[in-house]
Amino acid sequence: MSTKNEPAADEPVAEDATEPQGAPAAVDEQPPSEEDKLVAQHKLTIENSEKVRGADHPGTLRARSDLATAYWKFGRYDEAIDIEEALVEDTRRVLGPEHPEALTARANLASSYWTAGRSQEAIDIEEAVLADAERLLGNDHLATLTARSNLAFSYSSAGRTEEAVKVQEQVVADRERVLEPDDPDLLDARANLASAYWNADLPDNAVAAEERVLEEVERINGRDDVDTLQARSAVASAYRRVGRKEEAAALQDRIIAESRRLLGSDHPATKAAIKTRELN
C-alpha cells in the first residue's frame, strides 16, 4: 500500500505544487552488511537446491546446516536452533538415525543449545551422541573422539568436575593411542585436561599436566617459538597458583628474557610478562 495520497483522476494537480516546508529529505537505504549478504547467499543456495534437487536431497540439508552455522557465528542463536532442530528430524528421516550426518546434526544442535544457555539439553544430546558414535563408529573414530571431548568440556563448564576429569583423561588416552605424537589435537586435549584438573581442585595434577604440555610444545616447536613461550607462561602461572613462588619467579625471569629476544622489549607480551613479575 502506498504511503502517499494519490490525487483523484478528475482533480487537476497544481503545476506549482511544492513539497511542504520542513518535509524530511529522502533517506538513502543503507547498503546490506556483510552479514546480510552472507545470509542471503545461503538462503539463495537453499532455494536453488530445493528447486533443482528437492527439499530432502542431502545437498539441500547441508545447505540448511550452513545457514544455521552462519546464524550461530553471527550470534543469532535462536534462528540457528530453529533450523537445527528441524534438521535433526529431517536428517534422521531422510538418511536414517545411524547415518554420520544425523550424528553431526545432533552435535551441532547441542553446540547451539550450549551457546544459548540451554546446558542440560546440550549435555543430554552430547551423551546420546557419544554413545551412538561409540556403537556405530567405534571408540577410535575421530568423530567419537570429538564427541567425547565435547562432553568433557560441557561437564566441566556445568560444574560436573569429577565427570569432566574422568572423560577428559579418556580423551587424552584415546588421542595418544590414535593420533600421531605431534598432532595439535593431542596438545589441545592435554591442555583441556589441565583445565579440568584446575576446575576439579586437583592442583598437583594440573601442574603436572601444564608441565607435560610445555614439554611437548618445546619438543615439537623448539625453544624459540611463541607457542613455547606461552606454554612456559602457563607453567609459571601454575607454580604461582600452588605457592611455588621461587620456581615461578625464576621461570618468569626466563620468560621475560626470551620474550625480549623473540618479540622485542616493546611487544605487549613482553610488557605483560614484566608486569607479572613485578606483581609477584
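Here is a friendly exchange about this predicted model.

Colleague: How is the chain numbered, and what pLDDT do local features need?
Modeller: Residues are numbered from 1 along each chain as its sequence is written, and side-chain values use heavy atoms, with hydrogens and water left out. As this is a predicted model, side-chain atom pairs count only at pLDDT 80 or more, totals for chains, interfaces and linings use all residues, and local features need pLDDT of at least 70.

Colleague: Thanks! What does the protein chain average in pLDDT?
Modeller: pLDDT is the predictor's confidence in each residue, from 0 to 100. In this chain, 90% of the residues score at least 70. The average for the protein chain is a pLDDT of 90.

Colleague: Over which residues does pLDDT stay under 50?
Modeller: For that stretch the model has one contact beyond four places in sequence, where contact means heavy atoms within 4.5 Å. The stretch with pLDDT under 50 is residues 1-20.

Colleague: In which helix is confidence highest?
Modeller: Helices here are DSSP runs (H or I, at least four residues), numbered from the N terminus, while strands are E runs of at least two. Confidence is lowest in helix α12, residues 268-279, at a mean of 92. The highest value, 97, belongs to residues 203-221, helix α9.

Colleague: Is α6 roughly parallel or antiparallel to α7?
Modeller: Helix α6 (residues 142-157) packs on α7 with the axes 8 Å apart and an angle of about 155°. Axes are lines fitted to C-alpha atoms, for helices over the stretch in contact, and angles run from 0 to 180 degrees between N-to-C directions. Angles under 35 degrees count as roughly parallel, over 145 as roughly antiparallel, 65 to 115 as roughly perpendicular and the rest as oblique. That angle therefore makes α6, relative to α7, roughly antiparallel.

Colleague: How many charged residues are in the contact of α6 with α7?
Modeller: The α6 side includes Leu145, Arg148 and Tyr155, and the α7 side includes Glu163, Val167 and Asp174. For the classes, Ala, Val, Leu, Ile, Met, Phe, Trp, Tyr, Cys and Pro count as nonpolar, Asp, Glu, Lys and Arg as charged, and the others, Gly among them, as polar. The contact divides into seven nonpolar residues, six polar and, to answer you, four charged.

Colleague: Which hand does the crossing of α7 and α8 have?
Modeller: Helix α7 (residues 161-178) and helix α8 (residues 184-199) have axes 9 Å apart and an angle of about 160°, which means that α7 is roughly antiparallel to α8. A crossing is left-handed if the near helix is turned anticlockwise from the far one by less than a right angle, and right-handed if clockwise. Where α7 passes α8, the crossing is left-handed.

Colleague: Is Asp188 buried, partly exposed or exposed?
Modeller: Asp188 is found in helix α8, and its C-alpha is 9.1 Å from that of Val172, 16 residues apart along the chain. Buried means under 20% relative accessible area, exposed over 50%, partly exposed in between (1.4 Å probe, protein chains only). Because its relative accessibility is 44%, Asp188 counts as partly exposed.

Colleague: Which residue in the loop between α8 and α9 has a positive phi?
Modeller: The phi is near 60°, in a residue other than glycine. This residue has 62% relative accessibility, so it counts as exposed. The residue in that loop is Asp201.

Colleague: How many nonpolar residues are in the contact of α9 with α10?
Modeller: α9 and helix α10 (residues 226-241) pack at about 165° with axes 9 Å apart, so α9 is roughly antiparallel to α10. Among the contact residues are Val207 and Leu214 of α9 and Ala231 and Val235 of α10. The contact has two polar residues, five charged and, as you asked, nonpolar ones numbering eight.

Colleague: Which residues does Ala206 touch, leaving out those up to four places away in sequence?
Modeller: Ala206 lies in helix α9 and is buried, because its relative accessible area is 0%. Its contacts beyond four places in sequence are Ala194, Tyr197 and Trp198.

Colleague: And which residues does Glu258 touch, with the same cut in sequence?
Modeller: Glu258 is found in helix α11 (residues 245-263). With a relative accessible area of 10%, Glu258 is buried. Not counting residues up to four places away, Glu258 touches Leu229, Arg232 and Leu263.
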